[in-house]
Amino acid sequence: MAQYADDFIDRLHLVWGPGFLSPGGPEEVAEVCRGLNLEDANVLDIGCGTGGPSIALARDKGARVVGIDIEPQLLDRARMLADQAGVADRIEFRQVKPGPLAFEDSSFDVVFSKDALIHIPDKQALYADIRRVLKSGGALAASDWLAGEDADDDEAFQHYLSLVPLDYTMATPQQTADVMRHAGFEGVETRDRNAWYAELAPLEVARIEGPLREQIIEVSDAETYEKWLAIRRALAAAAQSGGLRPTHLRGYNPADI
C-alpha cells in the first residue's frame, strides 16, 4: 500500500509548495548544500518524492541529478514538475525497490536527501551504501527527521508517533553521527534545525486551520482533514518540545591518497 496517496501529496503540496513533501522549499535545499559547488556535479537524490529538491538542485545549483523513490505516483508528479520547470534534461527519475542502491561504486559526486532517510530502518547498511556510491572525496548532504536524546520520555513526541500513519525509523543526532563514522565517513557534522522548525510548525498549523482548510477538504474530505489537522498539531508540539529534531547531516567519503 502506498504511503503517499494522491490526496496526501496534494495536502503536502498545499502546505509546502509543489514538489515538496517536507518544509523549507528551495531555500532549505540550499541550506542543506551550503558550501558545496554542485555545478555539473552528479548528484543522487534519495527519496526524491515529487521532485522539488531535485528540481532546485538542477535549476539553482546546476547539478545533474538522478532522483530515486519507491512509489511510482510520486515520480509521475516529479517528471511533470521537472518538465514544467524546464530542467527535465538535467534530471532522471527512477523507481527503485527498497534495499541496496542499484548503482556502481563511485558513481556520484554528492548524495543528497531531504527528509526521506527516516523511512529506511537499517541505518548502518544505508550509510555504508551511500559511501560506496560516492566518489573519492564526495559528500553526503542531507536533512532528516531525528529524535531528541530524551525523546523516549517526551510525551508530545510519543503522542505524535502514536498518530502518524507513516513507517518511521528515527535515530538521535548522536546515533546518526556514530553510524556515519562507523560507515567510514569523515568530517561528520549534524546541524540542528529544531529552533527553525519549532517556530515554523505552528504557522503551518494556523494555515491548515484557516486559509488552506477548504482547499484541503476539496482534495480529500472533511474527516481526513480533521485527522490530519490533529497530526499536524501533534507534530508542531513535538517540535516545540524538542522531541522531534529536524537535522542537517554532512559527511565526506575519504579522498584517495
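## The second largest cavity

The second largest cavity has a volume of about 40 Å³, and this is a predicted model, so please read the values here as computed ones. Its lining is made up of Leu-117, Lys-123, Tyr-127, Asp-144, Leu-146, Ala-171 and Thr-176. Helix H5 (123–133) and S5 are the elements that give two or more residues to this lining. By character, the lining residues of the second largest cavity split into 4 nonpolar, 1 polar and 2 charged.

## The largest cavity

Counting cavities of 30 Å³ or more gives 2. The largest cavity holds about 50 Å³ of space. Around the largest cavity you will find Pro-23, Glu-28, Lys-114, Asp-115, Ser-143, Trp-145, Trp-196, Pro-246 and His-248. The lining of the largest cavity has 4 nonpolar, 2 polar and 3 charged residues.

Which strands each supply at least two residues of this lining? They are strand S5 (134–147) and strand S7 (244–252).

## How the strands pair

Those two strands are also partners: S5 and S7 pair in the antiparallel sense, with 9 bridges between them. If you would like a spot to look at in the structure, Leu-140 stands opposite Gly-251 in S7.

S7 has a further link, to strand S6 (residues 186–192), which runs antiparallel to S7 and is joined to it by 5 bridges. Here Glu-186 stands opposite Tyr-252 in S7.

## Is S7 mostly covered or open?

S7 is mostly covered, with 7 of its 9 residues buried. S7 is thus a strand that pairs with S5, is bridged to S6 and helps line the largest cavity.

Methods
Residues numbered from 1 in each chain as written. Predicted model: local features only at pLDDT ≥ 70, side-chain atom pairs only at ≥ 80, totals over all residues. Heavy atoms only, no water. 1 Å grid on protein atoms, 1.4 Å probe; cavity = no way out; pocket = protein on both sides within 12 Å on 5 of 7 lines; lining within 4 Å. Points joined across faces, edges and corners; volume = space filled by probe spheres on them. Helix = DSSP H or I, 4+ residues; strand = E, 2+ residues; numbered from the N terminus. Nonpolar A, V, L, I, M, F, W, Y, C, P; charged D, E, K, R; others polar. Buried < 20%, exposed > 50% of the residue type's maximum accessible area, 1.4 Å probe, protein only. Pairing = 2+ DSSP bridges.
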